[in-house]
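Please take a moment to look over the sequence and the model before reading on. The explanation is meant to be followed with the structure open beside it.

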Amino acid sequence: MGARKVLIVEDEAPIRRMIAFNLTRAGFDVEEAPDCTTARTLIADGRPDLVLVDWMLPDSSGLELMRTLRRDESSRDLPIIMLTARAEERDKLTGLEGGADDYITKPFSARELLARINALLRRASPPDDVVLVAGELCIDTVGCRVRVGDHQVNLGPTEYRLLRFLMQNQERVFTRSQLLDQVWGRNVYIEERTVDVHVRRLRQALEPSGGARYVQTVRGTGYRLSVR
Ligand code: CA
């Protein structure tokens, strides 16, 4: 996978830009939202790896945003750090009980923020599964080997990444644009049709061993990997 993506939800532009600047310099992909509505849209568009949420926001509170994210299946386990000027113990507890994984009080240094982000990302992402299995499909992600039953399958690098991503997210439907973000990377400009080309190649490679049936087209939406 490419750079980790952090969404900064903060209405105070100077603070938001300062954080964005430091995170970009540290190698993160950064998205910025000045309010909860924008944040929800960005999260629905392409799930970030971590969200920094300010407490006081213009349209709703960061706490409320966090609660709605925790209620939704797709964002229930999203790592969240609350940013706030409220230093009181009681408020920290409210934030943590509301679903924050960590809490950082303004003013904070870039170094402290980065340390918290890295620590949370390490906690939040257990080591990738070494072997992914879906029906007869099997990927050894260490050796980058793909098998269907006993048949070894040779894939190009893009088809491999595409298959691995779909297998890591089995039964979930992805639009072409989501696949571009996740497999090709957000900052790459590629036409959505490119996804179709690589899905076709992937199926062709899997076809002789009977594995193409797992890579399914969902009409009007996109693709999914399913054993059903
Ligand atoms: Ca604020």
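The paragraphs below go through a metal site, a helix, several charged pairs and a surface patch.

The model shown here is a predicted one, and a good place to begin is the calcium ion. Which residues of the protein are its donors? They are Asp 11 and Asp 54, each through OD, together with Met 56 through its O atom, and these donors lie 2.0 to 2.3 Å from the ion. Along the sequence, the donor residues follow the spacing D-x42-D-x1-M. Two of these donors can also be described by how much of them is accessible: Asp 54 is buried, because its relative accessible area is 2%, under the 20% cut-off, whereas Met 56 has a relative accessible area of 52% and is therefore exposed, the cut-off for that being over 50%.

The next element to find is helix α5, which runs over residues 110-124 and has 15 residues. At 1.5 Å a residue this helix should span 21 Å, and since its end C-alpha atoms are 21 Å apart, the expected span and the one in the model agree. Within α5, the residues Leu 113, Leu 114, Ile 117, Leu 120 and Leu 121 are buried. Around the axis they cover an arc of only 135°, so they are on the same side of α5. On the face turned away from that buried side, the helix carries Arg 111, Arg 122 and Arg 123, which are exposed.

A further helix, α6, covers residues 157-168 and includes Met 167. Is Met 167 buried or exposed? With a relative accessibility of 3%, Met 167 counts as buried. Met 167 and Ala 134 are 33 residues apart in sequence, while in space their C-alpha atoms are 6.8 Å apart.

Charged side chains are the next topic. Side chains of opposite charge can pair when their charged atoms come close. The count of salt bridges in this model comes to 15. One of them joins the side chains of Arg 16 and Glu 32, at 2.9 Å from N to O. This pair links distant parts of the chain, with Arg 16 in helix α1 (residues 13-25) and Glu 32 in strand β2 (residues 29-33), 16 residues apart. Arg 16 counts as buried at 10% relative accessibility, whereas Glu 32, at 35%, counts as partly exposed.

Another salt bridge is formed by the side chains of Arg 76 and Glu 73, at 3.3 Å from N to O; here Arg 76 is partly exposed, with a relative accessible area of 41%, and Glu 73 counts as exposed at 60%. In a further pair, Glu 191 forms a salt bridge with Arg 193, and their closest N and O atoms are 2.5 Å apart. Glu 191 is partly exposed, with a relative accessible area of 42%, while Arg 193 is exposed, with 58%. Elsewhere, salt bridges that share partners join Glu 10, Glu 12, Asp 54 and Lys 106 into one network, and Asp 54 is also one of the donors of the calcium ion.

The last stop is on the surface, where Val 130, Val 131, Val 133 and Val 142 make a nonpolar patch of about 350 Å². Of these residues, Val 133 lies in strand β6, which covers residues 131-134, and Val 133 is partly exposed, its relative accessible area being 49%.

Methods
Residues are numbered from 1 along each chain as its sequence is written. This is a predicted model: local features need pLDDT of at least 70, side-chain atom pairs count only at pLDDT 80 or more; totals for chains, interfaces and linings use all residues. Side-chain values use heavy atoms; hydrogens and water are left out. Patches are made of residues with over 30% relative accessible area and no salt bridge: like charges are joined within 9 Å, nonpolar side chains (Val, Leu, Ile, Met, Phe, Trp, Tyr) within 5 Å. Accessible areas come from the Shrake-Rupley method with a 1.4 Å probe; for residues, only the protein chains shown count as cover. A salt bridge is a side-chain nitrogen of Lys or Arg within 4 Å of a carboxyl oxygen of Asp or Glu. Helices (H or I, at least four residues) and strands (E, at least two) are DSSP runs, numbered from the N terminus. Buried means under 20% relative accessible area, exposed over 50%, partly exposed in between (1.4 Å probe, protein chains only). Donors are N, O and S atoms within 2.8 Å of the metal (3.2 Å for Na, K and Ca); water is not among the atoms, so sites may look incomplete. The expected span of a helix is 1.5 Å times one less than its number of residues. The arc is that of the directions from the helix axis to the C-beta atoms.
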